[in-house]
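Me: I should like to learn how to read a predicted model. May we take its features one at a time?

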There are 2 protein chains.
Amino acid sequence: MAELRKDPITGRWVIIATERSKRPGSYHVEKDPSYTKAEKCPFCEGHENMTPPEVYAMRGAYSKPNAPTWKVRVVPNKYPALDMDVRFESLSEDFFMAMKGYGAHEVVIETPHHKKEANEQSVEEIKNWIQALQDRTKFLYTEKKFNYVLIFKNKGRAAGASLSHPHHQLIATPVTPKRVKEELVGASEYFKSTQRCVFCDIIKEEIAAKTRIVCENDDFVAFCPHASRFPFETWILPKEHCIDFYDEKVESDTLAAIMKETLKRLSKAIGEPEYNYVVHAAPNRIPREGYWTTIDRDYHWHIEMFPRLIKTAGFEWGTGFYINPTPPEQAAKFMREIKM
Amino acid sequence: MAELRKDPITGRWVIIATERSKRPGSYHVEKDPSYTKAEKCPFCEGHENMTPPEVYAMRGAYSKPNAPTWKVRVVPNKYPALDMDVRFESLSEDFFMAMKGYGAHEVVIETPHHKKEANEQSVEEIKNWIQALQDRTKFLYTEKKFNYVLIFKNKGRAAGASLSHPHHQLIATPVTPKRVKEELVGASEYFKSTQRCVFCDIIKEEIAAKTRIVCENDDFVAFCPHASRFPFETWILPKEHCIDFYDEKVESDTLAAIMKETLKRLSKAIGEPEYNYVVHAAPNRIPREGYWTTIDRDYHWHIEMFPRLIKTAGFEWGTGFYINPTPPEQAAKFMREIKM
């Protein structure tokens, strides 16, 4: 029997469709994760001149900028969605609102190795790019016109990655993305009526129920949310209440460890998954201090991961309605029981 | 230079990304639109016993139910996302909200012909399935537990259609889809401050500006919206204010004509497009009369069409942010200037 489930943060309903159900084991796919060649890859070591000059890097003491021997490099996106070189100004006509594409778009190259995906990297390597993501976010937020810095990863061609070399992206925008705003509003409403953080409550419920947990460690928990939109949708949250991804409270050892474990369990469960994930954290509070009086208590940063396993699109875009053929309890159990 | 644009109804921002721009002419793809074989197709004439018994049909005077010689057939989906045979009841645990998958899921088979897509059908044929969609919506709304009836079409495998035979789907749900609710809220807010329908205002602006118009006739207009999420995203609206798709005011001759023309222009512009469209109309008002006091004046039914031309997914799902590489002005001009 199908079930309708409601996301406790945003109020979004999903259909867990048992009539069209797919067992978690039936998604396994083998694909070549490396669809662009290392010889022509601008993110590979030795090809530093193929990218715009780096804006940040982790390098050894004797290593020069834009030259080999680095651990992580951050470069502006060669084809940026938004750009800092335009003036921040309105383009609004009488009726329609528009503004110049003021923003920033950066690429965080995780590793010099063309094929070394996060699930195969060491915890130390993952910690490095987490550090880079945190440092760049913090830096971009010093520009008070940036309301939001989106951190996301596209892995695989179908997930929208034009290059297969492991990388993350950051887009800084003068507006807060709609989905994040919905969470902010939902979390603040929940706080108003309960005086509690909805994410903290979800974590408590999930840890008590156990059925949707993928893995956990001292500081983080990974689970398939009750109202999962997609098969194997997985969220990672810090157990302790925290609103900023770059907060110094964030334990990067255990964060790196749970990222690695989650991605490893996912890839053992479904082969070479193409996926996207996004980091949802609080927006820039410099430009609007005191705007949300309770944001420090009601919001909670987290990662939402979406493997690309089913075909969806216009219907979901057009309605906000999701039909998920695999109950999160089954997906979580399958990942949890993978032998590591 | 990239541009950020805001949808006047929902407040959603999109990036019109000129740095990564794609000319409208560069999307042309040739694909076999018929990927399932007619011999095994449950929607083809003569195969009526391969579907659940029909719940509605347009047939000649001497034609028997579930037998050949029909124009349009409506059957329950064999693998329904939601089902009327379950009890309408809550499954909520203490914290998470859920309910049994009560609803309906029907398939409207547009034509007995396996390969006759809407752009190749006659206006008369299109009018028939419009009539069927209207009649079924009206019928489903007599069940007052159905808050919403979604009408949508998936065309092509990548658009989520498992069968290539031309068909629409209807899903009746006990909840109003999130995206529709956002429009209802946005339209009602707009009405509060202006005493006008936001859709009527958009139509006025678009017809005056001309730049984003694809085509129009006496009763309907098709245009690429100012804040288009996708290349060639096209909306079709009745020019006269109207909130229900099944309203008797809806002129099915001119609606059929503009559907045909829009799909024809789209397919001449980009080949054999895979696409989705959804009908957004008012929710069921029987169960909550007087709930929205101004809904009759502030909402406006319409069709939103999304050709599947670019890869998007987790990022868009995770953020509600869209990056569109082709300005709607270019897409509209390209379709408008197609020789018919």
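Reply: Let us begin with a term: helices and strands are DSSP runs, numbered from the N terminus. In this predicted model, B:Lys210 lies in the loop between α3 (198-209) and β9 of chain B.

Me: What is the phi of B:Lys210, and is the residue buried or exposed?

Reply: A residue counts as exposed if 12 or fewer other C-beta atoms lie within 10 Å of its own. B:Lys210 has 11 other C-beta atoms within 10 Å, so it is exposed. Its phi is near 70°, a positive value in a residue other than glycine. In chain A, A:Asn66 also has a positive phi, near 55°. A:Asn66 belongs to the loop between β3 (56-59) and β4 (70-76) and is partly exposed.

Me: Which strands pair with β10(B)?

Reply: Strand β9 (residues 213-216) of chain B pairs with β10(B) in the antiparallel sense over three bridges, and a hairpin of three residues joins the two. On the other pairing, β10(B) runs antiparallel to β11 (residues 234-238), with four bridges. B:Phe223 stands opposite B:Ile213 and has B:Trp235 as its bridge partner in β11(B).

Me: Are the faces of strand β10 of chain B covered or open?

Reply: Both faces are covered. B:Phe220 and B:Ala222 are buried on one side, as are B:Val221 and B:Phe223 on the other.

Me: How is chain B laid on chain A?

Reply: Two copies of a chain are related by a rotation about an axis and a shift along it. Here a turn of 180° and a shift of 0.0 Å along the axis lay chain B on chain A with an RMSD of 0.0 Å. The two copies are therefore related as by a two-fold rotation axis. The same surface serves both, since 100% of the contact residues of chain B recur in chain A.

Definitions and conventions: Residues numbered from 1 in each chain as written. Chains lettered and ligands numbered in written order. Predicted model: local features only at pLDDT ≥ 70, side-chain atom pairs only at ≥ 80, totals over all residues. Buried ≥ 20, exposed ≤ 12 C-beta atoms within 10 Å, placed from the backbone. Pairing = 2+ DSSP bridges. Least-squares fit on C-alpha atoms with pLDDT ≥ 70 in both. Contact = placed C-beta atoms within 7 Å.
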